[in-house]
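Biologist: I'd like to go through some of the labels on this structure. Can you walk me through the reasoning behind them?

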Amino acid sequence: MLISKMAAEGGGKEMNEIKTQFTTREGVYKLLTHSEYSRPNRVPFNSQGSNPVKVSFVNVNDQSGNGDRICFNVGRELYFYIYKGVRKAADLSKPIDKRIYKGTQPTCHDFNHLTATAESVSLLVGFSAGQVQLIDPIKKETSKLFNEERLIDKSRVTCVKWVPGSESLFLVSHASGTMYLYNVEHTCGTTAPHYQLLKQGENYSVHTCKSKSTRNPLLKWTVGEGALNEFAFSPDGKFLACVSQDGFLRVFNFDAVELHGTMKSYFGGLLCVCWSPDGKYIVAGGEDDLVTVWSFLDCRVIARGHGHKSWVSVVAFDHYTTSVEETDPMEFSGSDEDFQDQMVHFGRDRANSTQSRLSKRNSTDSRPVSVTYRFGSVGQDTQLCLWDLTEDILFPHLPLSRTRTHTNVMNATSPPAGATIITNTSSNTTNGNNSGANTPGINSVSTTLPRSNSLPHSAGNTTTANNTNKAGGGIGSGIMDSAIATGVSKFATLSLHDRKERHHEKDHKRNHSMGHISSKSSDKLNLLTKTKMDPAKTLGTLLCPRMEDVPLLEPLICKKIAHERLTVLIFLEDCLVTACQEGFICTWARPGKVGLLSSQNQASSPSGTVV
């Protein structure tokens, strides 16, 4: 591994340094070293061959005002603590509950937020040998064990989650590529279950359990090929996003048991997935080192983000920094015509000139048209990346005259020749906007761009954009023109040409192995074939656009924050929480939220451990 190699050589001290704070436009995020959770002895865990450290939170609404509880697994051990967050230092000597397992290791866990009280919580724990345990760490009870004899599935549990809105239903995925729906009230039976086909579709099938009396599992989902690495329910609980080792994101209507849409990774398996707070976008990460943003409504990739140097292990939206327009929300339900009307409505807003849009935003009585989603990712490269998904990427439907050439579009939206575009790696906070509703349009008319992911771009971008237009002429040139013109020139959040030049040989040799095997004709771009596909056939289609066909996001920040691979990223109201494979769970206070720990020396322990 790069880190150990550098340490052995004795060089690269600065590169190997762990960051204890970072700056975004909201302000400074600080690592609270005294709010770190780990095993009581604070000894780094020897993580070789063990399952990823995972963290779950629940609020039990007790009267003390400190109702947050944290659960995490390290190796064979499972811990349950009061979580004091930014308020007080962690007391590791008093876990509420601690369990050590023999012969199997906990791999994942999830609290039922509906039933949690100060006296009782329901915690599901999945294990490496395939079992699922239901425990109450407050009462210190173990109420049930599912798949105890491993008759249902013998492979490792990869993800377990309560079904949203249910006190008794939960879903479990396995490394076998199978998911099972359980009810805590039912038994698993003493014999292997017999199944009956309920529904079948492209690369998935759903079976019911055939028995005289109701037993677990209620449903068996077989999805894709290889391990099913993670799944996530949509905010309204109606849809289910699954990512698999075969590189596919598959989104299902959970109740109707129907496939809504699919997406293919650029390379390798997909490892993690999450939904935007409003359910309109899904972000997935995996072995291609990229984060991929997929539109739920359009069923297509709208952006990719490159910042990680190794596999992306967790992606998560920051609900507290995400700013979404609240008027005229787009619902999941409704006809295609309704959706088109809404898009036309957005298009009309965006058709105005920059100046008029700016004045519209500045007037208090008109409705806001700015949308910014914040999400984060952590990876095996020990880095934390934060990303902003802005309206130039979300709504590239700016109406353009058919006679207008691509170059004219670029010139029309480019800054003046004398304009200077500042690249600022530590985000500029001159906006003073803590809500996260930073409006890219405001910056676009000024000569400087106070955005941490703004990049200098040359005339070479025009060439790249033109080539893209030729290569993908069947996508609807107006949309593509607008996406590239507004994305590259006006908002400067992308770097299609510069990145390609910089990392041509080093980072994307796989681009040469896959990207140029065959040149698809433009009409194939709108075709989703129903047969099993190899990577060479999916590349260049809607399932997996080429790198140059979609905007490429640059991270707002990209910081090395651990010595071992990162396995957890959770956004809370006052802080964000990360964890690494050594078993250290770190709390990063949001700007202005340092609280009682502000007087303590935050930089006293760069490695995160407290002696």
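Modeller: Sure. Keep in mind that this is a predicted model. Let's start with the backbone nitrogen of Glu 225, which lies 2.9 Å from a polar side-chain atom of Asp 246.

Biologist: What makes that a polar contact?

Modeller: The cut-off for two N or O atoms is 3.5 Å, and this pair is 2.9 Å apart, so it qualifies. Asp 246 is in the loop between β18 and β19, and among the residues it touches are Gly 224 and Lys 264.

Biologist: Why is the pairing of Arg 250 with Asp 246 called a salt bridge?

Modeller: Their closest N and O atoms are 3.0 Å apart. The limit is 4 Å, so the label fits. Both residues are buried, too.

Biologist: How do you know that Lys 280 and Asp 278 form a salt bridge?

Modeller: Here the closest N and O atoms are 3.7 Å apart, and that is still within 4 Å, so the pair counts.

Biologist: Why is Lys 280 called buried, and Asp 278 partly exposed?

Modeller: Buried means under 20% relative accessible area. Lys 280 has 12%, so it is buried. Asp 278 has 24%, which puts it between 20% and 50%, so it is partly exposed.

Biologist: And what makes Asp 97 and Arg 99 buried?

Modeller: Asp 97 comes in at 8% and Arg 99 at 13%. Each value is under 20%, so both count as buried. Their side chains meet in a salt bridge, 2.9 Å from N to O.

How values were computed
Residues are numbered from 1 along each chain as its sequence is written. This is a predicted model: local features need pLDDT of at least 70, side-chain atom pairs count only at pLDDT 80 or more; totals for chains, interfaces and linings use all residues. Side-chain values use heavy atoms; hydrogens and water are left out. Helices (H or I, at least four residues) and strands (E, at least two) are DSSP runs, numbered from the N terminus. A polar contact is a pair of N or O atoms within 3.5 Å; within protein, one must be able to donate a hydrogen and the other to accept it, and residues adjacent in sequence count only if both atoms are side-chain atoms. Contact means heavy atoms within 4.5 Å. Buried means under 20% relative accessible area, exposed over 50%, partly exposed in between (1.4 Å probe, protein chains only). Lists of a residue's contacts leave out its neighbours within four places in sequence.
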